[in-house]
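Trainee: Could you take me through one strand of this model in detail, along with whatever it pairs with?

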Amino acid sequence: MNLFLRNNGFDNIHSQYNYPSDKIVNSFGVPDRYLFEYGLNMLNSSKVRAPFLATFLTVSNHPPLVIPEEYKNKNLTDYEAILTYTDDCIRYFMESASKEDWYENTLFVLTGDHGNLMGEQPYAMSLSYNQIPLIFYSPQFEDAPQTFEQPGLQIDVYPSIMELLGYSYINNTFGESLFSHTRPYTYFVSDTYMGCVNEELFYMFNPLSREESLYRYKEKSTENILPLHPEIAEDMKTYGTSMLRAADYIVKSGLSGPDIIK
């Protein structure tokens, strides 16, 4: 993570090497509450000047779970207990931030790196593991709350932020702003499978076995309806594989941002 973040332009990185040893609860780091307390102190220090970009990587709801004592024995499962704790920590952060001078002019983005295996998994690829929240919040939003149902990807977060901020920028990524573009599908990979999803259908393709399938995932149906909709399946396959092959080509060719734009 240290190398990844520095190669992507982060100036200062605070990790377990900066925290008191008694605050480090597992191999991933510190509890969310301490992380937010520490982070707020850093943002309010004399070393930080607005405008700034700050990222908090929370780990409390990532196994191995370390549940604070006050959240145990409340007729909750371990996962429910840690989610309650995580929600309380986010509330603490937002309430604390609201008292700071920089709060009114800040865009807050809440998202995740992956989902969780929730309930029965009817398909070879887990949809719940590949679903994450994406919340944009600012005190300056006059038309909030709004809910957007169109498909989106993690790579869409950056251009969406830039459109909200109103900054001119060069988008040399595969992402698109979710506020001005609508993807026909989202695509993702898991082990040997590629998945492609729209609002109703879930297409899976295994390039090794050449196995293909199409499901009505909103209905949690396990009936492979690809023979009924071969055109849609082929369109989803083309969309997903072309995106992945283009990305693979760019990485292996060592192309830079300007090369991609050309």
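Mentor: Let's go through strand β4 and its partners.

Keep in mind that this is a predicted model. Strand β4 covers residues 193–197, and five of its five residues are buried, so the strand is largely enclosed by the rest of the structure. Look at the two faces in turn: Tyr193, Gly195 and Val197 sit on one side, Met194 and Cys196 sit on the other, and both sides are covered. For the cut-off behind that, buried here means under 20% relative accessible area.

Now for the neighbours. Strand β3, residues 186–190, pairs with β4 in the antiparallel sense, and five bridges hold that pairing. If you want a register mark, take Phe188, whose bridge partner in β4 is Gly195. The β3–β4 connection is a hairpin with two residues in between, and Asp191 in that turn has a positive phi of about 55°.

Then there's strand β5, residues 201–206, which runs antiparallel to β4 and is joined to it by four bridges. Here the handy register mark is Met194, which stands opposite Phe205 of β5. This link is a hairpin too, with β4 passing into β5 through three residues.

So if you trace the chain on screen, you go from β3 through a two-residue hairpin into β4, then through three residues into β5. Along the way, β4 makes five bridges to β3 and four to β5, with Gly195 facing Phe188 as a bridge partner and Met194 lying opposite Phe205.

Key: Residues numbered from 1 in each chain as written. Predicted model: local features only at pLDDT ≥ 70, side-chain atom pairs only at ≥ 80, totals over all residues. Heavy atoms only, no water. Buried < 20%, exposed > 50% of the residue type's maximum accessible area, 1.4 Å probe, protein only. Pairing = 2+ DSSP bridges.
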